[in-house]
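Me: Could you take a close look at the charged side chains here and how they pair up? I'd like one connected walk through that part, plus any backbone oddities you pass on the way.

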Amino acid sequence: MKYLFLLILLTSQFVSGQQKITDTKKLEKVLRDHIEFLSDDKLEGRRTGSPGEKLAHTYISRQFEKAGLQKIGSGNYLQSFEVNDGRSLTADNQLLINNKPVQLHTNYFPLAYSGNGKVYLVKDDILLADTFKIASLLEENKTNPHFDLKAAIVERAISAEKKGKTALIIKDNSSVVPDNLKFDEKDKTPFLKIPVIYINDKNSADPQMANLGKGNIVVTVNISDKKRTGNNVIGFINNHASSTIILGAHYDHLGYGEDRNSLYSGNEKKIHNGADDNASGTAALLELASMLSKSQLKNNNYLFIAFSGEELGLYGSKFFVENIPSQVTNINYMINMDMIGRLNDSTRGLSVGGYGTSPLWNSLVTSNDPYLKIKLDSSGSGPSDHTSFYRKDIPVLFFFTGTHQDYHKPSDDADKINYAGEAQVIRYIYNIIELSDTKGKLSFTKTREAASMGKSSFKVSMGIMPDYTFSGNGVFVDGVTDGRAAQKAGIKRGDVILQLGEHKFSDVQTYMGALNKFNKGETTKVKVLRGKEELMFDIVF
């Protein structure tokens, strides 16, 4: 009998072990299929609002449907949102000299912060525009390390407008446009009140170009905001429970690097396929949707969100938390998976962020795992979509296998994914969800702010979380870290930072450039807009 019992026990263990091996291999194959599709060249890097994004969200929608997930919204799985894509010139922009058109971009262009309008610049042979030669201005300031050409142009335009001038014309006859002056479609500098145009007459066939004050001149400037549409993909498992667990991963990536967020230094235009960032997290999201739709875990509802716009600054997740569908009530917690495809086989390190956002994580998240080496991080914020939920006082967990030399480069391809490692990460995440099934709704705890995923190149930090989706001038403060420079200076959430010392900036990118001008221990002034009031604070880095 003992022999028979042992034989039955060993046989059942062997079958069970074989089943687990088969399931794991099947999971690895399905993950590979998802990631290879999402990171294929035909999706052209899944840039938000692009045809590649559409191919990706169509694929994700089909997988949600296959898993039996319910649609939330108007007949599909999509939640659309607008992305401010900068500024563009409309078709009616024109410069006429003696009734002859000047070629746009070749011989002239408006600056992105030019005022709009149509102006006639000559009346009774007196030029109504203010003009200056850029070469003279640059020569005068060649030894001035603090000279800022854009600031000088803006100041000149404001002065000209106050004097009754109807336009500002910047003249040049050099073969190369100086100081990288151009129509910058990403510029967020506030619009001026008068048209501001740059004219280069070096290669012009029109002899009147050199005699702006002696001919009839008509300038038409029309600059508009440029928008594109991103799409979150949302699927729902409705267990008619009192609370809902949200699982998320962003599926967008960098396209060809058009949004200036690539770390690729080459000159050749290349697709950024983003296999790890974040086809890996999206693949995990799809498989967890399939697994949970078949599970007996019924004490929570489950909402699955593939976010777009993450690479632009958490656009999709921020839009979601501000526009939560009516079916979703009483959010329990949020799990975010971003870059979980490059587990190192030697160290097997998995970072789990957000550990401090609920006291119950202590009983659900363990650092003792037979396969993974778990690194716990208490912070609820960071450079990924869980931050949007944390800022709404929702407990979060953030899973991440680490940065690598292919991060934000065209070399982040599917053949470098550790599929066996990702399968283990999914097993670990599923186990947490399973353990939480009987715990009820998790309470929330505020935590410290976190640094970025990668290594910071900044010598100082203000201790703010910028709102990357802000389309106005300056940097909108979405959060302030206790005990850091901004909080000590008196800056609050909702302030808009406009200037550090003598360095003005119009967006997060130019703010970072200004921040890098300072060293630890230095003191400077910071100008902020609070409501309609401009305030000045002393800040110590």
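Reply: Start with the overall charge balance: there are 66 positive and 62 negative charges, and their mean positions sit 2 Å apart. Keep in mind that this is a predicted model. The C-alpha atoms fill a box of roughly 115 × 50 × 45 Å along the principal axes, and the fold is built from eleven helices and 25 strands. Of the 541 residues, 52% are buried. Chain-distant contacts matter for what follows: among contacts between residues at least 6 apart in sequence, 80% join residues at least 24 apart.

Now the pairs themselves. Side chains of opposite charge can pair when their charged atoms come close, and the structure holds 24 salt bridges. The spot I'd zoom in on is Asp259, which is buried because its relative accessible area of 16% falls under the 20% cut-off. One partner is Arg228, with the closest N and O atoms 2.7 Å apart. Arg228 belongs to strand β13 (residues 223-237) while Asp259 sits in the loop between β14 and α5, so this bridge ties together parts 31 residues apart in sequence. Arg228 is buried too, at 9% relative accessibility.

Another partner of Asp259 is Lys186, at 3.3 Å from N to O. Here the link spans 73 residues, with Lys186 coming from the loop between β10 (168-172) and β11 (196-200). At 18% relative accessibility, Lys186 also counts as buried. And what about the wider set that Arg228 and Asp259 belong to? Bridges with shared partners join Arg47, Asp85, Lys186, Arg228, Glu258 and Asp259 into one network.

For contrast, try Glu139 and Lys142, a salt bridge with its closest N and O atoms 2.8 Å apart. Glu139 is partly exposed at 46% relative accessibility, and Lys142 is exposed at 60%.

Then there's a charge with no such partner. Asp385 is buried yet has no salt bridge, and Lys318, the nearest side chain of opposite charge, is 11 Å away. What Asp385 does have is a polar contact, side chain to side chain, with Ser317 at 2.7 Å. Asp385 is found in the loop between β18 (373-377) and α8 (386-390). Leaving out residues up to four places away in sequence, Asp385 touches His250, Phe307, Glu310, Leu314, Ser317 and Asn336.

Another place to check around there is Glu322, in helix α6 (residues 315-322). Its C-alpha atom is 9.4 Å from that of Ser388, although the two are 66 residues apart along the chain. Glu322 counts as partly exposed, at 45% relative accessibility.

Finally, the backbone oddities. Most residues other than glycine have a negative phi, and most peptide bonds are trans. Arg348 has a positive phi of about 50° without being a glycine; look for Arg348 in the loop between β16 (331-337) and β17 (349-353). At 23% relative accessibility, Arg348 is partly exposed. His105 also has a positive phi, about 75°, and lies in the loop between β4 (100-101) and β5 (108-110). The peptide bond from Asp277 to Asn278 is cis, with omega near 0°, and Asn278 is part of helix α5 (residues 275-293).

Methods. Residues are numbered from 1 along each chain as its sequence is written. This is a predicted model: local features need pLDDT of at least 70, side-chain atom pairs count only at pLDDT 80 or more; totals for chains, interfaces and linings use all residues. Side-chain values use heavy atoms; hydrogens and water are left out. Helices (H or I, at least four residues) and strands (E, at least two) are DSSP runs, numbered from the N terminus. Buried means under 20% relative accessible area, exposed over 50%, partly exposed in between (1.4 Å probe, protein chains only). Contact means heavy atoms within 4.5 Å. Lys and Arg count as positive and Asp and Glu as negative; His and the chain ends are not counted. The place of a charge is taken as NZ of Lys, CZ of Arg, CG of Asp or CD of Glu. A salt bridge is a side-chain nitrogen of Lys or Arg within 4 Å of a carboxyl oxygen of Asp or Glu. A polar contact is a pair of N or O atoms within 3.5 Å; within protein, one must be able to donate a hydrogen and the other to accept it, and residues adjacent in sequence count only if both atoms are side-chain atoms.
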